[in-house]
Each structure stands twice: as structure tokens, then as C-alpha cells.
Amino acid sequence: MGRITLDKVTKSFGETQVIPPLDLTIDDGEFTVFVGPSGCGKSTLLRLIAGLEDTTSGEIRIDGTDATNVPPAKRGLAMVFQSYALYPHMSVRKNIAFPLRMAKMDQAEIERRVEGAASVLNLSDYIERKPGQLSGGQRQRVAIGRAIVREPSAFLFDEPLSNLDAALRVGMRLEISELHKRLETTMIYVTHDQVEAMTMADKIVVLRAGHIEQVGSPLELYRAPRNLFVAGFIGSPKMNFVSGEEAGKHNAHTIGVRPEHITVSESEGRWRGVVGVAEHLGSDTFFHIHQTGLAETITVRADGEVGFNHGDTIYLTPRDEVIHRFDQDGLRIA
Amino acid sequence: MATQHSRSAARLMMAPAVILLLGWMLVPLTMTLLFSFKQYLPLRGGDLGWVGFDNYVRFVSSSAFWPSVVATLTIVGGVLLITIVLGVLLALLLDQPMWGQGIVRILVIAPFFVMPTVSALVWKNMFMDPVNGLFAHLWKFFGAEPVQWLSQASLESIILIVSWQWLPFATLILLTAVQSLDSEQLEAAEMDGAPKVKRFWFIILPHLSRAITVVVLIQTIFLLSIFAEIFVTTQGSFGSRTLTYLIYQRVLESQNVGLGSAGGVYAIILANIVAIFLMRIVGKNLDN
Amino acid sequence: MARSVTSRRKALNTLVAWTIGLLIFFPILWTILTSFKTEAQAISDPPVFLFFDWTLENYAVVQERSNYMRFLWNSVIIAGGSTILGIIIAIPAAWSMAFVPSRRTKDILLWMLSTKMLPAVGVLYPIYLIFIQFGLLDNRFGLVVVLMLINLPIIVWMLYTYFKEIPGEILEAARMDGASLKEEILYVLTPMAIPGIASTILLNFILAWNEAFWTLNLTAVNAAPLTAFIASYSSPEGLFFAKLSAASTMAIAPILILGWFSQKQLVRGLTFGAVK
């Protein structure tokens, strides 16, 4: 079990309130991602759930029981830190065994669980090594191993992939997702990378300045962002925003069009512009278009084979059925 | 960034150290302060009552006071001058490429580990003894009359001994600072056509200024209270009685605790003036 | 400032540096050499440097006459005891300041430092009185406590700067893993900080070993450590150079050896982290 409920939780450091009253429920077995720009309070929120920080007010319930004042170790949660936080003086085996040793578990059982975790995470060959002798990805696995053996009711991940290089990050992302599918345990994952959020989450919580901007599945957020912030944050490349006369045609203050929802043409289209930079990724091409009279730049995603060059004139047509409309306050118009 | 639980644990764990040091500071300090306002002669009647600021006035107006201040300042100033100047030169030298650098470093640092009583005694007898000391032999070798070091030149002798003890400290700290100097800065200056002396004056010395300040302040605090070196060599005679030694004599030798305590309060004030400057520097360092 | 230089330049550097190094080291070297001479050779004019009849007699005489071993033992107890006691008190305090800093942490650290700057002579008589009151005069335990107190600020400071370098996340991980505060300090922090703790112990042992105000003023016979043992040579035995040298060599040898190991940490310890 691992249902976590936050009820009017707030957090202040001295005078500054970093988390205004916040309600949130994370269901058992759910993979929830907290995402937002740096300083949005997502790590603080995770640390509140972990018990590494006190809540200023409000209540945190784990499986229905009030855990607000329960020390971290007693909450039945395991955490994987950004820096992995491995014990440098202990071997991989001892690192993984540490939480079990602290729980005064039987030696044979410790042995069994450590071996199990090591084989699941492909660490068996390195089990006697110290963290200093491991690569970044291996360290990450040890940190996960240390979390798994406790069989916690929920896993907390604090930007666990941010110290890995790009290629490894994709690999570890898959491994963590697979781990979740296999264990079916609640996981809360903090990241500033919306790609990680989109690819891994069952549920995404978008945070800004301690506020929850929107909660929903990746596709819900993609299809129906509640406001300009979420619309701009979710999706890559970023959504194009156009206001003024063109937005007025759609009875909105601002309209948003995703780069992938615009078709391009050499000869005809609703909007006309000049190609600035063209980024060829092979599968896709991103065009940054200027002089449209709509916005500084309009980004368009086109097929990899589409051949426009710097300075070419280009015609754009947005797909009307997926235009997002926002009112004066930046809120979505349904 | 912590929980209430860990904060209260922290307070609890800090308590023994804080309480012990608080006691160590406040109890004797209060007693000294109390004694300083009393006529207190343990061997001649004990506590003879309050006398107001009499002790403070008497301590300052005694004929021994000003000479002791002069002696203190001479020793502190002399040692600082010698150790800083030689320390900078030695640090620059030790930073140069050479064979056996590690061993030279150890040779230079060694005096710091010699206990004060040993260094005072070795210098006093084996080097400065007017008959059998090495200096006497040396002087005679050149046909000169051996110097009665500790009586004719007592302050200079003590400065020599104490400088020998503290030179390693200054050198070591300045060496650390020299080594932290970015060599590209010097090379840039060289490219800009600055000759050696100018490079020293405009780049190396300013870079060392902070380390020099730290050395000056820390040494001053220790030098203001040197004791064993005088206790073992001159016992304060021949003009080598420092403020510290004067207070020691008033308290333990003539058993005039009131008078000595007033002197102690002066010494504490003096030390605190230096300490404030040191703390500023250390405190600034804590912030980053 | 690593730059290739001509070997002529390097040779010159070497020559100058070694000359100065040996000059500075000379008093120590001379003391050690003299300790192996006879009294007559020790004062001979011109002095003999290496070619004399080496003898261990002085060491035997010194030990026999003044029971060197007892002073040595006192020094070990006092320096070792005060250091260990200080470490035990300082580790939790340094943990608190490094990992649970509050707005007052900096002030407390600076205040601790300021107690170190209190001139000893200013509080000599009160301490003397307190010692008499509690029967601590000429008592090893009394000196252990006093030396622990005067070095405690340095111990806390050194440990604090070492602990600061340990990432707090590792301690939080231990907390998440179910370690109690005691287990966190014992199994995670202390093993990680072993090098720092060791150099703190080393430096403070040296400082306590060489301390020569309280050890001279608060001891007589029973608790007197080597500093007092040497001071007792100030006259008239000091005129017997060979024996004085033997006694001195025995007093400084242990610490010279320890000192060489600790030279790297010396700077940090003695400047309270102001110079790194």
C-alpha cells in the first residue's frame, strides 16, 4: 500500500512561504511526477513527504494514518537522492544492506534481499566495490537498490537522473519505468525536465512557486493545459503563443499552437513568414520562422525531409481543431 | 533545512561544548573582575575588602607598568617583523622548483613542534651562554668579546628565540597562500612586461595580504601571552618583563591578587581588541 | 607555479633552500648531537660536530636522576586525555553546526574562538583557587580538563570545517534508511570523516603536549609533564649541556615525528579555516 495524501500543507522558511496551502492525493501504485522550473518548490514538497523537512501547517497522511510528525525512517518510504548519497566508505553490498541492518533484520534475510536486489539491478559483479570505483549509472543503481530492499510503501526520487549524461539518462529512465511496472509500488519523482515527466508519469503535478498549476495524466496536460504556464511548460519544442488580432478571430486573448500542429507550404497558407534557423534532426526538422507579424518567432515541426533554407519564404497553416484558447488571465477557454 | 526533531537534537548535542566553554569563560572572568576591585592578599590577611578602582590606578601607575608595555610591544613587534619578512621570502623560496623540497619543508617547520621550554632552554644555554655557548665560541673565533646575551641584550635574545619558534608558522601559512596564486596571473604580468620586483610588489604581495593579516593577528594573540620563554630564560629581569609576566609576578610571586587581577583585566581588554579584528576576517570567511 | 626551469637555476634554488633549511633546523640538530657527547665534548672549543665518542650515557643519567618515564607518561596522559575528551565533546557539537546550521551558528563558532583568545594570565588566580578548592592542583585529571577546554574551540572548528565538506544528503539518506542519530554519527559521519578527525587529534595532541603555561603553573611533582621536567633544568643542571640535550631530545622527539605527519593539516587547524 502507498496512498499519500497532503491536506492543506504549507511550508515556510522564516518569513518566506515556499508552499502555500496545498492539497494533493497520490494513489497507491501510481507513478507521480512533480515537475516545474527550479525553485518551484518541488524538491521541498518531496522532502516534506519524506519527513526531511517539517510542515509548517497541514497534514500528511500515508495510507490514511497521520504521518505529519513521524520521523523519516518510520514513514516506510525510500528515497533516491540527486547525488545518490551513497556511503563512500562502504562496499555496494554494505550500502544496500545498510537500511536492513538499521532495521535489525536477520542476517540471512539481509543477505537474501541484497543478492536479490543486486541481480535485478545487474550489480552482482560489482558488489564488493566501493562507490568511488563505480560509474555514474552504476551508482544510480546502487542507490535504487538501497531503496528497493526496504520494500517501502513508496519510492521518492529527487532528480535522480540529472547527474547522468544524456545517453545514460534515457536508459535509466526506461529502467525506472520498468521497475515501476514490476513492483507496482507508488513512486514520486521530482524533475525539472518535462520530457522525463511526460515519458514516465501516470500523473504529472505541475508546480510553480509552490502552487499546483495542474494535475493530470501526461496526455491530459498535453491536450488541455489549464493555463499559459502549463501550456508553455509541457511539450517540446514549446507551444507558440499568438495574441492580438489573430487571437481575436478565435474569440480569445491569446491562442496557443503547438509546433507539431502547423503544416508548412511553399506557396499557400494562412500565415506567411521567413525561415530563420532550420534545425535538422533527421526524423524531424524544426523551423524557427520570423517576420510573421504574429510573434517574434514561430516554431514549426515538420517532417525530416522538408527542405526549406535560411531566408526562404514559408506559409504556415495551424490545425484549427487543436488550437488552444486562453483568456485575459491566461486561463484556458473550454 | 532541517526538521524540528533534528534541530532540537542539534541543540542538545551542542550543549556540552557550549556549557563547558561558557563556564570556562564566565566563572574565572567574573572572579578576576571581582578580585580586581578588592584588596586581596592571600598571604597577608586575605580579602581586605573593596577598594574600587584603586588596583587599576595602582597597576598603571606602578613604575613597572610602562616598561612592561614597552617590552611587550617590542617583543610582539620584533617577532612579527622578523617572521613576516623572512616568512614571505622563505615561502617564495620554498615554492621554487628544487630537489628535496619535502625535506627542506620539514626542516623549516620543525621548530614549531619544539615545546617552548625546550627551545628557551636550548637557546639560553647551548647558544647564548656567555662562556660555553656556541655564540661565545663563534665570537671568540672572530676575536670578539662574547656577548652576555640574556642580560645585555635580553629583549633581542627573547625576540630571536620566539622568532625561531614562530617563523615556521608564518612560512607555512604564507606558503599555502603563495601556492594558491594563479600562475597565469603572473605569466600575464610577465607578458605585460612587468619585471620581477614589480610582479612581487603588485601581484604576489597583494595576493598574500590576507594571509599576512591572519598571521599577524594569530601570532599577536599568542605573542601577547608568551610565558615559558621568559620564565625559563630571564624570569623577567633585565628589562624583559612583559605585561603577562608582570601580572604573573603580581599574582603568584608577590601574591597581590587584587593588583594582578586588575592587570589581568587590562590584558583581556588588549587581547580582545586584537581578537575583534581576527574574528572579522574569520567571520567573513564563514559566509562563503 | 609549475614552470620548467633550467637545471642550473634549480641547483641554485636547492643550494639556497637547503642552506637556510639546515640553518633553521640547526638548533634541533645540535641538541640531538650534543645529547650523544660527553659533558667535556659538549662544551669544547672549538665545538666538535660529528667526530666525537658517541655515548648513550646521558640518556641513562637523565632517566635515572629524574625518572623521565614518569614525566613522559604524564605528558601522554594529559595530551592524550584532553584530546580524546575534547573530540568526544566536539564531534556532536560540530555535527550540529555543520548539518543543522541556524542563524546563531556563526555567532557560536566565533564566540567559541573568542574564548581561545582569553589571556591565560588574566584568569590564572581564579583557576588556581578553583583547583585548590577541588583538590585538582598537581593532578593529572585537572590538567586534562583545562587543556581540553583551551583546545576545545580549535577542535570544534577543525571538525566543523571537515564536516562541512561532507554532503548533507548522505546523512539524510542514512536518516531515511532508518539510522538513529547515534547510528548516523557512528556508522556514517565518523567513518567518512576519519581523515579529518585523525588530523584534528594529531594537531591537538601536539598543542596539548607543548602547552607551557598551565602545565607549569598547575603542577608540582605528581602531575608534571615534560614541559615542567625541562623547565626544572633551567638551573643549575642546564649547565650540563649533554644531559640537558638528552632530556630535551627525549621531550621533543615524539612530537617531532607526529608533527611531520600533521604538517598538511596544520594550516587549516591553526588559522581556523581562514587560509586554505
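These notebook entries record what I looked up in a predicted model with chains A, B and C.

**Entry 1: chain C overall**

I began with chain C, where I counted 13 helices and zero strands, so that the pattern read along the sequence is α-α-α-α-α-α-α-α-α-α-α-α-α. Taken along the principal axes, the box filled by the C-alpha atoms of chain C comes to roughly 70 × 65 × 35 Å. Of the 276 residues in chain C, I noted 51% as buried. Among the contacts in chain C with a separation of 6 or more, 77% join residues 24 or more positions apart.

**Entry 2: the contact of chains B and C**

I then turned to the contact between chain B and chain C, to which chain B brings 87 residues and chain C brings 85 residues. Which helix of chain B gives the largest share of the side that touches chain C? I found helix α1 of chain B, residues 4-36, with 18 residues of that side. Sorting the side of chain B that touches chain C by class, I listed 68 nonpolar, 17 polar and two charged residues.

**Entry 3: the contact of chains A and C**

For chain A with chain C I recorded 16 residues from chain A and 14 residues from chain C. On the side of chain A that touches chain C, β6 (77-80) and α2 (92-102) of chain A each supply at least two residues, and α2(A) gives the most, with three residues. By class, I noted 14 nonpolar and two polar residues on this side of chain A, and no charged residues.

**Entry 4: C:Ala212**

I looked up C:Ala212 next, which sits in the loop between α10 (194-210) and α11 (214-217) of chain C. Is C:Ala212 buried or exposed? I entered C:Ala212 as buried, because it has 25 C-beta neighbours inside 10 Å, where the cut-off for a buried residue is 20 or more. Leaving out residues up to four places away in sequence, I found that C:Ala212 touches B:Met115, B:Pro116, B:Thr117, B:Phe227 and B:Ala228, and also C:Thr227. As a distance within the chain, I noted 20 Å between the C-alpha atoms of C:Ala212 and C:Leu113, which are 99 residues apart along the chain.

**Entry 5: the hairpin in chain B**

In chain B I followed strand β1 (residues 38-41), which pairs with β2(B) in the antiparallel sense over three bridges. Across this pair, B:Lys38 stands opposite B:Trp50 in β2(B). The hairpin of β1(B) and β2(B) has four residues between the strands, and there I noted a positive phi near 110° for B:Gly45. Why does strand β2 of chain B, residues 46-50, lie largely in the open? I put it down to burial, because the number buried is zero among the five residues of that strand.

**Entry 6: the nonpolar core**

The largest nonpolar core has 258 residues, and those with the most contacts inside it are A:Leu156, B:Leu174, C:Ala90, C:Ala94, C:Val156, C:Leu159 and C:Ile230. I traced the biggest contribution to this core to helix α7 of chain C, residues 140-164, with 17 residues. Looking further at A:Leu156, I found that it touches A:Leu46, A:Ile49, A:Ala50, A:Leu77, A:Ala78, A:Met79 and A:Ile188, with residues up to four places away in sequence not counted.

**Entry 7: domains of chain A**

Last, I looked up the domain assignment of chain A, which gives domain 1 (4-231) and domain 2 (239-326). Taken over C-alpha atoms, the centres of domain 1 and domain 2 of chain A are separated by 38 Å.

Terms used: Residues are numbered from 1 along each chain as its sequence is written. Chains are lettered from A and ligands numbered from 1 in the order in which they are written. This is a predicted model: local features need pLDDT of at least 70, side-chain atom pairs count only at pLDDT 80 or more; totals for chains, interfaces and linings use all residues. Two residues are in contact if their C-beta atoms, placed from the backbone, lie within 7 Å. Ala, Val, Leu, Ile, Met, Phe, Trp, Tyr, Cys and Pro count as nonpolar, Asp, Glu, Lys and Arg as charged, and the others, Gly among them, as polar. A residue is buried if 20 or more other C-beta atoms lie within 10 Å of its own, exposed if 12 or fewer, and partly exposed in between; C-beta atoms are placed from the backbone. Two strands pair if DSSP finds at least two bridges between them. Domain bounds come from an automatic or database domain assignment. A nonpolar core is a set of buried Ala, Val, Leu, Ile, Met, Phe, Trp, Tyr and Cys residues joined through C-beta atoms within 7 Å.
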